[in-house]
Every structure is written in C-alpha cells, then in structure tokens.
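Biologist: I would like a close look at a single part of this model, a side chain that is neither fully hidden nor fully open. Please start there and then work outwards, so that I can place it in the rest of the chain.

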Amino acid sequence: MSSEFSRILTLLRKEKGISQKAAAASLGVSQALLSHYEKGIRECGLDFLVRAADFYGVSCDYMLGRTPDRSGTTLSIEEIPEPDSAGKENVMKGSILVVLNKKLIANSLNILFDMLNKAGSSSLTREVSDYIMIAVYRMFRVVYSANDKNQSGMFKLPEQIAHQYCAAAMEMRQANASAVASGKPLDGMDRIKDVDSLSLSTEKITREYPLFGTSLLNLINSAEKAVDFHPPQK
C-alpha cells in the first residue's frame, strides 16, 4: 500500500467535514481500525480501498497517491489547457491589481520559455521550470494557509520544514541554471545549443515580442522596485 494512502485518507475525511467515528461507520470498520489506517500503522485491503474511494468520490489511483487528479486522470501535453483558455477560472473580476500582475507574469513567462526553447538545453529548461514551480508552490501555500480551516494534509511537505526546504531547493535550481547559462554545466547537464539566439536588447524584445515585450519590461521594473535596490551614488 502506498505511503501516501494514510495522508490522503485523512485529508479526504477532514475535507468532507466528518468525524473519524462517522467515517468508520460509513466505511464499515471500527474507529480504531480507521485510526490505524489514517496513521499508517496498518495497511488496508483492496476491498477497503475501493469502498473508501467510492465513499469519497475519488479514484483508487488518487487514494494511493499515483495521480494528483481526484478522478485519476493523467494529463498529456495536449490535454493541459492553455493559460489563456476560455473558462471561468481565467475570468478575472474585481481587483485591477490582480489582473495586471497576472498578465505581467504570464506574458513575461511566454518570453522566458521561448528563450528556453531557443536555447535547446533540457537541463536549463528543467532547472528554470523547477525554480518557478517551487516559487508558485510556496506562495500558494502562503495564501492557502490564510484560512485555518484548510487542510494542511493537502501537502506532502510538512509545514514546519516547507519554507526552508523550498528555499534551499530554489537556491540549488538557480545555481544549476547559472552553471548551464555560464557555459560551465555540471556533469550530466547538457549545454546551450545556440547562445546567439539569446541575444536581446530592449529594442529587440519589443520588436520580437510585440504582444508580450512591454509586460516583461514592466515586470523587470516592478521587480527591481520590490527588491528596493538603490544604485550607489557616485
């Protein structure tokens, strides 16, 4: 049985808002046995796995941690929606600040990933992508934690070490990406295939990326203001 099972079993019960006693009764086991399953002290049989999946309305693969999708779906590249796909999730209403920052970041990422594509280095793409995903993950956890009713069991990484582990991982990803970008990749990493394709200037950014260039230049300006860097006076 997957080590993820106990965490997900507990998470689903708490998300459903029912007690361990009520869940045990619905699942046809004693509260003590369910407690053992949730703590990972004992492994359940396949019959309980199926009953639990049916009861919580998820797939067995999700219960076992084999997929993050509750229905058990594993997405292919073709099935992942585009960032600007129509749908209620992408309709931003209300705060102008939210809409503005989302567009600045999304448009800038379009340029960054186009550059990675031109660079032709799978190592650089992996390190940059991991860095960005960890950054989004960290901020999602921060906002998610604003409501103390949200279940921490959604995450595998314990809260008490999450920030430090993520910070360390981001530093390593940046170091690895810098090694590739400097032309001195570590063992096992591939090199940038076309450095000349990465030649850019503000004029070239505006010309080659007419839809996204202004967003990137504004993002750079906003980021440096956020860092609060003041050049030394001569």
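Modeller: Happy to. Let us begin with the cut-offs: a residue is buried under 20% relative accessible area, exposed over 50%, and partly exposed in between. F55 has a relative accessible area of 25%, so it counts as partly exposed. Please keep in mind throughout that this is a predicted model.

F55 lies in helix 4, which covers residues 46-56. Not counting residues up to four places away in sequence, F55 touches K16, I18, S26 and L27. For S26 the separation along the chain is 29 residues, while the C-alpha atoms of F55 and S26 are 8.0 Å apart.

That takes us to helix 2, residues 20-27, where A23 sits. A23 is buried because its relative accessible area is 0%. Beyond its sequence neighbours within four places, A23 is in contact with R13, I18, L34 and Y56. I18 therefore appears in both contact lists, that of A23 and that of F55. In the case of L34, eleven residues along the sequence correspond to 8.2 Å between C-alpha atoms.

Here is the wider frame for these helices. The protein has ten helices and zero strands, giving the pattern α-α-α-α-α-α-α-α-α-α along the sequence. Of its 234 residues, 28% are buried. Looking at contacts between residues at least 6 apart in sequence, 58% join residues at least 24 apart.

Moving along the chain from F55, we come to C60, which is partly exposed because its relative accessible area is 28%. A search of the whole structure finds zero disulfides. As for C60, the nearest cysteine sulfur belongs to C44 and is 9.4 Å away. Two cysteine sulfur atoms must be within 2.5 Å to count as a disulfide, so this pair does not qualify. Another cysteine, C166, has 5% relative accessibility and is therefore buried.

R66 is a contrast to A23. R66 is placed in the loop between helix 5 (60-63) and helix 6, and it is exposed, since its relative accessible area is 62%. R66 and E4 are 62 residues apart along the chain, yet their C-alpha atoms are separated by 8.7 Å.

A pocket gives another view of the fold. The second largest pocket has a volume of about 520 Å³. Its lining consists of 14 residues, and R7, Y62, P68, M154 and K156 lie nearest the centre. Helix 1 (4-16) and helix 7 each supply at least two lining residues, with helix 1 giving the most, at five. By class, the lining holds eight nonpolar, two polar and four charged residues.

Helix 7 deserves a visit of its own. It has 23 residues, 122-144, and at 1.5 Å a residue it should span 33 Å; its end C-alpha atoms are 32 Å apart, which agrees. Its buried residues are S123, L124, E127, V128, S129, I134, R138, R141 and Y144. An α-helix has 3.6 residues a turn, so residues three or four places apart point the same way. With that in mind, you might look at the buried residues E127, I134, R138 and R141, which are among those in the list for helix 7. What covers the buried residues of this helix includes helix 6 (96-119) and helix 8 (159-181).

From helix 8, N176 reaches back to helix 7. N176 is found in helix 8 and is buried, because its relative accessible area is 18% and the limit is 20%. Leaving aside neighbours within four places in sequence, N176 is in contact with E127, L186 and M189. E127 is itself one of the buried residues of helix 7.

The last stop is towards the end of the chain. N218 lies in helix 10, residues 213-227, and is partly exposed because its relative accessible area is 36%. N218 and I105 are 113 residues apart in sequence, with 9.8 Å between their C-alpha atoms.

To return to your side chain: F55 is partly exposed at 25%, and its contacts include S26 and L27.

How values were computed: Residues are numbered from 1 along each chain as its sequence is written. This is a predicted model: local features need pLDDT of at least 70, side-chain atom pairs count only at pLDDT 80 or more; totals for chains, interfaces and linings use all residues. Side-chain values use heavy atoms; hydrogens and water are left out. Buried means under 20% relative accessible area, exposed over 50%, partly exposed in between (1.4 Å probe, protein chains only). Helices (H or I, at least four residues) and strands (E, at least two) are DSSP runs, numbered from the N terminus. The expected span of a helix is 1.5 Å times one less than its number of residues. Contact means heavy atoms within 4.5 Å. On a 1 Å grid over the protein atoms alone, a cavity is a set of points where a 1.4 Å probe fits but cannot get out, and a pocket is an open set with protein on both sides within 12 Å along at least five of seven lines; lining residues have an atom within 4 Å of a point. Grid points are joined across faces, edges and corners, and a volume is the space filled by probe spheres set on the points. Ala, Val, Leu, Ile, Met, Phe, Trp, Tyr, Cys and Pro count as nonpolar, Asp, Glu, Lys and Arg as charged, and the others, Gly among them, as polar.
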